[in-house]
Amino acid sequence: MGILEEKEAFRKRIEADIKEIEAGILRLQAKAAEKKEKGGEEIEKKIEGLKKKKDEVKGKLSAMKDATGDAWSELKKGFEKSRVELSEGFKKAKNSLKEK
């Protein structure tokens, strides 16, 4: 697979991940609104952090379109790290909401 095909496959996977996280954030927001009186403010802060991280991942996705060669390899590594952090942050927020 050439670099263009690899970038396209990677981009599609990340876009699907972002859509999944966005839908999950909406579900978390709805649940947090229901539990506002039981520590919902804490989960709201976590949700805001998730939104910021999601926007960071989207920004990196945009920058990836123009990257080539070594720059692509480095960007991909950073991108993977951000994606994992976003996914882990979502899981933590989801779990903390379940505990309330």
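This is a guided tour of a predicted model, moving from the whole chain to selected residues.

Residues are numbered from 1 along each chain as its sequence is written. Because the model is predicted, local features need pLDDT of at least 70 and side-chain atom pairs count only at pLDDT 80 or more, while totals for chains, interfaces and linings use all residues, and side-chain values use heavy atoms, with hydrogens and water left out.

**The whole chain**

Begin with the protein chain in a cartoon view, where you will find 3 helices and 0 strands, in the order α-α-α along the sequence; helices (H or I, at least four residues) and strands (E, at least two) are DSSP runs, numbered from the N terminus. The radius of gyration is 16 Å, well over the 13 Å that the globule rule gives for 100 residues, so the chain is more spread out than a compact globule; this radius is taken over C-alpha atoms, and the rule is 2.2 Å times the number of residues to the power 0.38. If you turn the C-alpha trace along its principal axes, it spans about 50 × 20 × 20 Å.

Now show the surface, of which about 6,500 Å² is exposed, with carbon and sulfur atoms supplying 52%; accessible areas come from the Shrake-Rupley method with a 1.4 Å probe, and for residues only the protein chains shown count as cover. Of the 100 residues in the chain, 29% are buried, where buried means under 20% relative accessible area, exposed over 50%, and partly exposed in between (1.4 Å probe, protein chains only). Among contacts between residues at least 6 apart in sequence, 76% join residues at least 24 apart, contact meaning heavy atoms within 4.5 Å.

**The nonpolar core**

Next select I14, L28 and L50, which have the most contacts inside the largest nonpolar core, a group of 21 residues. Helix 1, helix 2 and helix 3 each supply at least two residues of this core; a nonpolar core is a set of buried Ala, Val, Leu, Ile, Met, Phe, Trp, Tyr and Cys residues joined through side-chain atoms within 4.5 Å. Centre the view on L28 and, leaving out residues up to four places away in sequence, you will find that it touches I47, L50, F90, A93, K94 and L97.

**Salt bridges between and within helices**

Side chains of opposite charge can pair when their charged atoms come close. The structure holds 14 salt bridges, each being a side-chain nitrogen of Lys or Arg within 4 Å of a carboxyl oxygen of Asp or Glu.

Select E6 and K76, whose side chains meet in a salt bridge of 2.8 Å, N to O. E6 lies in helix 1 (residues 3–34) and K76 in helix 3 (residues 69–99), so the pair ties together parts that are 70 residues apart in sequence. E6 is partly exposed, with a relative accessible area of 26%, and K76 is also partly exposed, at 26%.

Move to K53 and E56, a salt bridge in which the closest N and O atoms are 3.3 Å apart. These two are 3 residues apart in helix 2 (residues 40–64), about one helical turn; K53 is buried at 18% relative accessibility, whereas E56 is partly exposed at 33%.

Then select R13, D17, E80 and R83 together, since they are linked in a network of salt bridges.

**R11 and K7 on helix 1**

Which residue forms a salt bridge with R11? The partner is E8, at 2.2 Å, N to O, and the two are separated by about one helical turn, being 3 residues apart in helix 1. R11 is buried at 16% relative accessibility, while E8 is partly exposed at 32%. A polar contact of 2.6 Å also joins the side chains of R11 and E15; such a contact is a pair of N or O atoms within 3.5 Å, where within protein one must be able to donate a hydrogen and the other to accept it, and residues adjacent in sequence count only if both atoms are side-chain atoms. Beyond its neighbours within four places in sequence, R11 is in contact with L61, M64 and K65.

K7 likewise lies in helix 1 and is buried, at 9% relative accessibility. Apart from residues up to four places away in sequence, K7 touches M64, K65, D66, A67 and W72.

**An exposed lysine**

Finish with K45 in helix 2, which is exposed at 68% relative accessibility. Draw a distance from its C-alpha atom to that of K98, 53 residues apart along the chain, and the separation is 16 Å.
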